[in-house]
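Colleague: Could you walk me through this model and tell me how each label was earned?

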Amino acid sequence: MDLRELGSFLKSRRDRLRPEAVGLPPGTRRRVPGLRRDEVAQLACVSADYYTELEQGRGQSPSEPVLRGLAGALRLDPDETVHLFLLAGRPAPFGAEPLQMQSALRQLMDRLQDTPAMVITDMHEVVMQNHAAQVLVGPQAGLTGVRASFLHHWFTVPATRDLYPAEDHDYHSRLLVSDLRAAVARRGPGDRAGADLVAHLLAAGGEFAELWRAQEVKVRHEEYKRIVNPALGILKVTCNSIVTADAAQRLLWFVPDDPAVMPALRTLDPAGVWRDTPGPAFGLFASWG
């Protein structure tokens, strides 16, 4: 925590902001073009005395709600908001990066057309898949709400588990739940998406509820797994990932042990491979239909 630097940063952001940009009249008696301290305090829903203390580098570290109020009042962009939180000794807020797939991940996806690759969120929602990934694990993008999460299908649609050999199911269940617990903690208690997904899965009872109570935490990184593909049989792959700075999204790409399967992954029709097979895409195709 660096209160002096925090105060300097707040003042610099206040000085650059014009009154009309926040819906205030410009007035005729302003000594400086930026906002006054009392105006920032009013916009942030804090007292003028408290805000003055912050600019002067005094007092205690502001709470997360106060920081969010200040970020909104000063019209901070995502990078500035993260910087504000870090100066105050708080963890960067979840969601500072946009939820939609970011340009860097899209650029990487564009260069991975010969490799099965997909972008997922920390709620295991598939944002985008290339053709080879759709052939490998089935088309899984396009749903909304809790049904968009692979966890929903894994714990409520039994046919989804045909994606992996039966002896691997317990491992994937534990890993999915422990990864979700880490994601929910990162998002914080005010996040609705994580809370809604957990509540939905707890209401379903059974295995998820038991694993959730175990309090295990494990973030997914590189994995070695076996995938049951209807057209190609059991494929052994290494699954690698790159995560965004806020860990809200990750790019996954799969490297098969047997490179001879790559031509098939590039040329087969995903719908033809998965539509009539009780696998992960079966429930999704049924939902679309």
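**Labels and their reasons**

Modeller: Let's start with one residue: Cys45 has a relative accessibility of 72%, so Cys45 counts as exposed.

Colleague: Why is Cys45 called exposed?

Modeller: The label exposed needs a relative accessible area over 50%. Cys45 comes in at 72%, so the label holds. Cys45 sits in the loop between H2 and helix H3 (48-55).

Colleague: What makes the phi of Cys45 worth a remark?

Modeller: Phi is near 60 degrees there, a positive value in a residue other than glycine. Arg75 is another such case, with phi near 55 degrees, again positive in a residue other than glycine. You'll find Arg75 in the loop between H4 and helix H5 (78-87).

Colleague: And is Arg75 buried, partly exposed or exposed?

Modeller: Buried means under 20% and exposed means over 50%, with partly exposed in between. Arg75 has a relative accessible area of 42%, so partly exposed is the right label. Pro230 gets that label too, because its relative accessible area is 36%. The loop holding Pro230 runs between strand E3 (223-229) and strand E4 (233-243).

Colleague: How far apart are Pro230 and Val135, in sequence and in space?

Modeller: They are 95 residues apart in sequence and 9.6 Å apart in space, C-alpha to C-alpha.

Colleague: Let's turn to helix packing. Why are H2 and H4 called oblique to each other?

Modeller: The axes of helix H2 (residues 37-44) and helix H4 (residues 64-73) cross at roughly 120 degrees. Roughly perpendicular covers 65 to 115 degrees, and roughly antiparallel starts over 145. The angle of roughly 120 degrees fits neither range, so H2 and H4 are oblique. Their axes come within 8 Å, and the crossing is right-handed.

Colleague: Which residues meet where H2 and H4 touch?

Modeller: On the H2 side they are Val40, Leu43 and Ala44, and on the H4 side Gly69, Leu70 and Ala73. By class, that makes five nonpolar, one polar and no charged residues.

Colleague: What makes one residue in that contact polar?

Modeller: Gly counts as polar in this scheme, so Gly69 of H4 is the one polar residue.

Colleague: What about H9 and H10: at what angle do they pack?

Modeller: Helix H9 (residues 169-187) and helix H10 (residues 192-204) pack at about 145 degrees, with their axes 9 Å apart. This crossing is left-handed. H9 brings Leu180, Val184 and Arg187, while H10 brings Ala193, Gly194, Leu197, Val198 and Leu201. The contact has six nonpolar, one polar and one charged residues.

Colleague: What is the make-up of the whole chain, in helices and strands?

Modeller: The chain has 14 helices and five strands. Buried residues make up 47% of its 289 residues. Of the contacts with a separation of 6 or more, 58% join residues 24 or more positions apart.

Colleague: How do you know how far to trust it?

Modeller: This is a predicted model, and the mean pLDDT of the chain is 83, with 88% of its residues at 70 or more. Among the elements, helix H12 (residues 262-267) has the highest mean pLDDT, 94, and helix H14 (residues 280-288) the lowest, 44.

Colleague: Where does pLDDT stay under 50?

Modeller: Over residues 282-289, for which the model has 15 contacts beyond four places in sequence. Where pLDDT is low, predicted coordinates should not be read in detail.

Key
Residues are numbered from 1 along each chain as its sequence is written. This is a predicted model: local features need pLDDT of at least 70, side-chain atom pairs count only at pLDDT 80 or more; totals for chains, interfaces and linings use all residues. Side-chain values use heavy atoms; hydrogens and water are left out. Axes are lines fitted to C-alpha atoms, for helices over the stretch in contact, and angles run from 0 to 180 degrees between N-to-C directions. Helices (H or I, at least four residues) and strands (E, at least two) are DSSP runs, numbered from the N terminus. Angles under 35 degrees count as roughly parallel, over 145 as roughly antiparallel, 65 to 115 as roughly perpendicular and the rest as oblique. A crossing is left-handed if the near helix is turned anticlockwise from the far one by less than a right angle, and right-handed if clockwise. Contact means heavy atoms within 4.5 Å. pLDDT is the predictor's confidence in each residue, from 0 to 100. Buried means under 20% relative accessible area, exposed over 50%, partly exposed in between (1.4 Å probe, protein chains only).
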